[in-house]
Amino acid sequence: MLTEKERERYKRQMMLFGDEGQERLKNAHIFIAGAGGLGSPISFYLAVAGIGTLTVVDNDVVDQSNLNRQILHYDRDIGLKKTASAEEKLRAINPDITVKVIDATIDASNAHLLVGDADGIVDAMDNFTTRYILNDVAIDKNIPLFHGGIRGFYGQATTIIPKKTACLRCIFPHPPPKEMFPVVGVTPGFIGMVQATEVLKYLLGSGELLANRLFIWDGLRAHAEEIALERNPQCEVCGDKHNTNREMI
Amino acid sequence: MTVKVRFFARFRELFGGDIITDVPEGASFMGMIKEIAGMNREGYDAIFDDTGAFREFVILMKNGKRIDCANAVQTPVADGDEIAVFPPVAGG
């Protein structure tokens, strides 16, 4: 049940999706992998939207060079763990939700446990190694993975629904080379908002998800487009062979 | 025949945006991209490896459909085709 305070806080968005929609958000648990450029705007907006439980995982410390884009962290936070900084900001911006932070490096051995009973995983990572692990967990747990990636003024996003859409491995079988990528804060801000919107739509059951669609954004040209995607039946993660093996086990 | 080639992300920085190119009948996907990429050494090296094969992370699309890099040699292009060549972006 929503409290009177919550009804007032969410009044303007409940004009869109009513008590039922707001209850759905309140009862949801979203796992946000990363409290950096993408994770900052995503966690802020999911917090103010009233997602009942947010788990934010990061292993890093706030650095001066993060502050052009990682808006969860302030100048005064330099040297603090990003999880501590994120927890403070998210609790301050919405004390009516539960914020859990975990200072950890996501790897294949702990990812299942970290994600726990979350209803969806937000990919706010900066590398494909961890993204592939999150993809595996999403497929195993049959929960969506909200993917985003950025470089410079350019970004991409898609929503992966296990058994229904191409998974991250189907779409990107091989990662791009590692690099110190250039970035200006507006790009993760923009792509993060696409991902956060996808989370809300998924939880509310409304609209049309970026399912089997890769959204690509060129900020320099202010041009967005999308590319149709399809599952790869031979995919090593979600392909038919893999699923058959899993069913036999 | 005329084909439109669209580069994205880092490839767009190296080649510019959309390239409209005239290609001979029977041209292959691979041959056409190599010819365009040959205009820019850094761009060529970003897309192709030392053996002249597409780097494995490169994503190729023809008229919105994915083309496997391994099949790019055999895949013909036709008048009016729209080709997209792009790398995934990894930052976050």
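Which strands of chain B does helix H2 (residues 29–37) lie across? These close-ups of a predicted model take up that question and others.

**View 1. Helix H2 of chain B lies across five named strands.** They are E1 (2–7), E2, E3, E4 and E5 (82–86) of chain B. The helix runs at about 115° to E2(B).

**View 2. Five strands of chain B form an open sheet.** Their order is E2-E1-E5-E3-E4, with mixed pairing. Strands E2 (18–22) and E4 (65–67) of chain B are the edges, and each pairs on one side only. On average, neighbouring strands are turned by 30° against each other, direction ignored.

**View 3. Strands E3 and E4 of chain B run antiparallel.** Three bridges join E3 (residues 59–62) to E4(B). Look for B:Leu60: its bridge partner in E4(B) is B:Ile67.

**View 4. Helix H6 of chain A has the length expected of it.** H6 covers residues 128–141. At 1.5 Å a residue, its 14 residues should span 20 Å. The end C-alpha atoms are 20 Å apart, so the two values agree. Just after H6(A), A:Asn142 takes a positive phi of about 60°.

**View 5. Helix H6 of chain A has buried residues with several elements covering them.** The buried residues are A:Thr130, A:Arg131, A:Leu134, A:Asn135, A:Val137, A:Ala138 and A:Ile139. An α-helix has 3.6 residues a turn, so residues three or four places apart point the same way. The cover includes four strands of chain A: E1 (29–33), E4 (120–123), E5 (145–151) and E6 (154–160). Helices H5 (111–115) and H7 (168–171) of chain A are also part of the cover.

Technical notes:
Residues numbered from 1 in each chain as written. Chains lettered and ligands numbered in written order. Predicted model: local features only at pLDDT ≥ 70, side-chain atom pairs only at ≥ 80, totals over all residues. Helix = DSSP H or I, 4+ residues; strand = E, 2+ residues; numbered from the N terminus. Expected span 1.5 Å × (residues − 1). Buried ≥ 20, exposed ≤ 12 C-beta atoms within 10 Å, placed from the backbone. Contact = placed C-beta atoms within 7 Å. Pairing = 2+ DSSP bridges. Axes fitted to C-alpha atoms, helices over the stretch in contact; angles between N-to-C directions.
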